[in-house]
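This briefing introduces a structure to someone who has not seen it before. Please look at the sequence and the model first, then read on.

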Amino acid sequence: MVDATATDVDVPAAAKGSRLTSLILTAAGLGYLYQSMQLPMGDPLGTGVGAIPALIAVCWVAFGIYVTIRNRPVAAELGPWPRGTAALRVGYSLLLCIAFVVTLPFLGIFLTTAAFLLLMARLADATWKNACVVAVTTPIAFWVVFALGLKVSLPYGSLFTTIFGG
């Protein structure tokens, strides 16, 4: 049986820990933004090697600020460090990120992104339908924007290159 007073005490600490964590990650995002701004942005603007890292950094900082500012109570299970099923989800998401980086050269951007988004969406309790929609439409959007629109060479992966000789 869980003592209600212990749970009530953990909730404010969890909210503070969450805010502190998001502040730290936002500061790291600002550092990443600074570093990405040192790379050439290209002519026309946005076509250089620094454009995508800068865009990622801006999104990172914006979401970090959003999470820092919002003050929604969190479950006592989270606490300063996640416990129980929340800890498992954190572990699984970390493993998914590592798997994404490891499999990217082999499977390429499209298959790796689709698998990553499908599994990450399911980990976040999305329905199978929504997870599949995101997992299919995002790689298609990548291909349309980058390969067709910007004529950027995307990593197709050694498996795709071996099979199709591309």
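Among contacts in the protein chain between residues at least 6 apart in sequence, what percentage join residues at least 24 apart? The share is 55%. The model is a predicted one, and its protein chain holds five helices and zero strands.

**The chain as a whole**

- Read from the N terminus, the elements follow the order α-α-α-α-α.
- The protein chain has 166 residues, and 22% of them are buried.
- About 11,400 Å² of the protein chain is exposed, and carbon and sulfur atoms account for 75% of that area.

**Helix 2**

- Helix 2 covers residues 51-69, which makes 19 residues.
- At 1.5 Å a residue, helix 2 should span 27 Å, and its end C-alpha atoms are indeed 27 Å apart, so the two values agree.
- The buried residues of helix 2 are Ala-51, Pro-53, Ala-54, Ala-57, Val-61, Gly-64 and Thr-68.
- Viewed down the axis of helix 2, these buried residues lie within an arc of 165°, and therefore they line one face of the helix.
- Leu-55 and Phe-63 sit on the other side of helix 2, where they are exposed.

**Helix 4 and what follows**

- Helix 4 runs over 128-149 and contains 22 residues.
- From first C-alpha to last, helix 4 reaches 30 Å, close to the 32 Å expected at 1.5 Å a residue.
- Ala-131, Ala-135, Pro-139 and Ala-147 are buried in helix 4.
- The packing partner of the buried residues of helix 4 is helix 3, residues 85-123.
- Lys-151, just after helix 4, has a positive phi of about 55°.

**A nonpolar patch on the surface**

- A nonpolar patch on the surface is formed by Val-136, Ile-140, Trp-143, Val-144, Val-145, Leu-148, Leu-150, Val-152, Tyr-156, Phe-160, Ile-163 and Phe-164.
- Together these residues have about 1,100 Å² of accessible area.
- Helix 4 and helix 5 (158-164) each supply at least two residues of the nonpolar patch.
- Helix 4 contributes the most to the nonpolar patch, giving six residues.
- Phe-160, one of the patch residues, is located in helix 5.
- With a relative accessible area of 36%, Phe-160 counts as partly exposed, because that term covers values between the 20% limit for buried and the 50% limit for exposed.

Definitions and conventions. Residues are numbered from 1 along each chain as its sequence is written. This is a predicted model: local features need pLDDT of at least 70, side-chain atom pairs count only at pLDDT 80 or more; totals for chains, interfaces and linings use all residues. Side-chain values use heavy atoms; hydrogens and water are left out. Helices (H or I, at least four residues) and strands (E, at least two) are DSSP runs, numbered from the N terminus. The expected span of a helix is 1.5 Å times one less than its number of residues. Buried means under 20% relative accessible area, exposed over 50%, partly exposed in between (1.4 Å probe, protein chains only). The arc is that of the directions from the helix axis to the C-beta atoms. Patches are made of residues with over 30% relative accessible area and no salt bridge: like charges are joined within 9 Å, nonpolar side chains (Val, Leu, Ile, Met, Phe, Trp, Tyr) within 5 Å. Accessible areas come from the Shrake-Rupley method with a 1.4 Å probe; for residues, only the protein chains shown count as cover. A salt bridge is a side-chain nitrogen of Lys or Arg within 4 Å of a carboxyl oxygen of Asp or Glu. Contact means heavy atoms within 4.5 Å.
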